[in-house]
Amino acid sequence: MASNQSAQKYRLLGSGDDETSDTSLGRLYEGDRPLARCKRSPWKSVPRVTAMVISGIIGGFALGYAVHSSRCASALSPYMRLATDHSDTLWWTTLYSNETASDSELNELWDTQIPWESGIVALKNEEARALNLPESQPFPWDASRKSLYIVNAHHVLHCVVGDPRLEAAVAVRNLYISIQQYRTNTPQTINYPHILHCLDTLRLETMCTADDTLRYVPLNSAHGYRPGDGQPRMCRDWDRVREFVESHDPCYRYLKPGDTELSNLERFKFCSENSEYLPKIRKYFKYDAGWTPEPQEGPRELVW
């Protein structure tokens, strides 16, 4: 997540004394980059030795390379093959938690910039089988060839409540909405069991992913106690997740949230103009031949 923060200097205690130093966070990490994962060592020149020794070296190298390759493969995520190779920086405060921003500015961010309608994908059945995925709900416009799945990273953002119609609500965003409604003394629009489920989802995902980044504790910071502020770390590339979701578009938009009377097929009719499924959608809904779905920005649920 992008941040508007700039690198700041912290006065850190030197080893063995109680005085502060002027070591900045940038200098502290300068030259101490994490070891690259799965980087192949260049082939070293082999001295002239007997054929038996050469064969032993080649055999040992082949065995080592096989073990090395196996370790590299296991370091990738199981489905999108993502590596932890994307540099990032921890910030205690981001645009989404900026204490100097107005309620209106924060509400607009949380209402429009959380990818709350993404994450549902339509996979070809052979692709799902190749990934060893369980059988899932069929994609309504191509039921014999495609099935619906939800990217788990989005499940943290989208708090799926288990409704077979895939009526999703945003976990993180819902928590923000609930907090804002509480602090402004307005009626709660998200029921307690749903909020509790969202909190439990965050608990489970935090434990499962087990991010072992060791946040440093700044000493004598001008901004107080903010563990890890400005600390570099390695992440997976969210843009690749977004690209995967976009390339498996299920034509889904979360139209009229909370409307239990609305047919869920209404939410799966937002295909692009060149989609092969538009003729089926027009026929099902009895639209004319020139019909195309209107762009949907998503419902506004916060005041801004």
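**Exercise 1. Taking stock of the fold**

How many helices and how many strands does the protein have? Work this out first, then describe how its residues, contacts and surface are divided.

*Solution.*
Step 1. Keep in mind that you are looking at a predicted model. Counting the elements gives nine helices and six strands.
Step 2. Turn to burial: of the 304 residues in the protein, 34% are buried.
Step 3. Next come the contacts. Among those with a separation of 6 or more, 61% join residues that are 24 or more positions apart.
Step 4. Finish with the surface. The protein exposes about 20,200 Å², and carbon and sulfur atoms supply 54% of that area.

**Exercise 2. Two sides of helix 8**

Find the buried residues of helix 8, say how they are arranged around the axis, and list what they pack against.

*Solution.*
Step 1. Helix 8 covers residues 238–247, and its buried residues are V241, F244 and V245.
Step 2. Look down the helix axis: these buried residues fall within an arc of 95°, so they line one face of helix 8.
Step 3. Ask what that buried set meets. The partners are strand 2 (120–124), helix 4 (125–130) and helix 5 (152–157).
Step 4. Now turn the helix round. The face away from the buried side carries the exposed residues E246 and S247.
Step 5. Check the start of the helix as well. There, a side-chain oxygen of D237 comes to within 3.0 Å of the backbone nitrogen of D239.

**Exercise 3. A salt bridge along helix 8**

Which residue does R242 meet in a salt bridge, and how far apart are the two along the helix?

*Solution.*
Step 1. The partner of R242 is E246, with an N to O distance of 3.5 Å between the side chains.
Step 2. R242 and E246 are four residues apart in helix 8, so about one helical turn separates them.
Step 3. Compare each residue with the burial cut-offs. R242 has a relative accessible area of 35%, which makes it partly exposed. E246 counts as exposed because its relative accessibility is 51%, and exposed means over 50%.

**Exercise 4. A salt bridge across the sequence**

Explain what the pair D211 and R233 ties together, and place the pair in its network.

*Solution.*
Step 1. The structure holds eight salt bridges. One of them joins D211 and R233, whose closest N and O atoms are 2.9 Å apart.
Step 2. D211 sits in the loop between helix 7 and strand 6 (232–235), while R233 belongs to strand 6, so the bridge ties together parts that are 22 residues apart in sequence.
Step 3. Both residues are partly exposed: D211 has a relative accessible area of 49%, and R233 has one of 22%.
Step 4. Widen the view. D88 joins D211 and R233 in a network of salt bridges.
Step 5. For another example, take E266 and K269, which form a salt bridge with their closest N and O atoms 2.6 Å apart. K269 counts as buried, because its relative accessibility is 10%.

**Exercise 5. Two buried polar residues**

Is S147 buried or exposed, and which side chain does its own side chain contact? Then treat Q181 likewise.

*Solution.*
Step 1. S147 lies in strand 3 (residues 146–150). Its relative accessibility is 8%, so S147 is buried.
Step 2. The side chain of S147 makes a polar contact with the side chain of N125, at 2.8 Å. From C-alpha to C-alpha, S147 and N125 are 6.3 Å apart, although their positions lie 22 residues apart in sequence terms.
Step 3. Beyond its neighbours within four places in sequence, S147 has contacts that include V121, A122, L123 and F139.
Step 4. Q181 is in helix 6 (residues 171–183). With a relative accessibility of 10%, Q181 is buried.
Step 5. The side chain of Q181 makes a polar contact with that of T189, at 2.9 Å. Leaving aside neighbours within four places in sequence, Q181 touches T186, P187, Q188 and T189.

**Exercise 6. A nonpolar patch**

Which residues form a nonpolar patch on the surface with L199?

*Solution.*
Step 1. The others are Y192 and L196, and together the patch has about 330 Å² of accessible area.
Step 2. Locate L199 in helix 7 (residues 192–209). L199 is partly exposed, at 45% relative accessibility.

Technical notes:
Residues are numbered from 1 along each chain as its sequence is written. This is a predicted model: local features need pLDDT of at least 70, side-chain atom pairs count only at pLDDT 80 or more; totals for chains, interfaces and linings use all residues. Side-chain values use heavy atoms; hydrogens and water are left out. Buried means under 20% relative accessible area, exposed over 50%, partly exposed in between (1.4 Å probe, protein chains only). The arc is that of the directions from the helix axis to the C-beta atoms. Contact means heavy atoms within 4.5 Å. A polar contact is a pair of N or O atoms within 3.5 Å; within protein, one must be able to donate a hydrogen and the other to accept it, and residues adjacent in sequence count only if both atoms are side-chain atoms. Patches are made of residues with over 30% relative accessible area and no salt bridge: like charges are joined within 9 Å, nonpolar side chains (Val, Leu, Ile, Met, Phe, Trp, Tyr) within 5 Å. Accessible areas come from the Shrake-Rupley method with a 1.4 Å probe; for residues, only the protein chains shown count as cover. A salt bridge is a side-chain nitrogen of Lys or Arg within 4 Å of a carboxyl oxygen of Asp or Glu.
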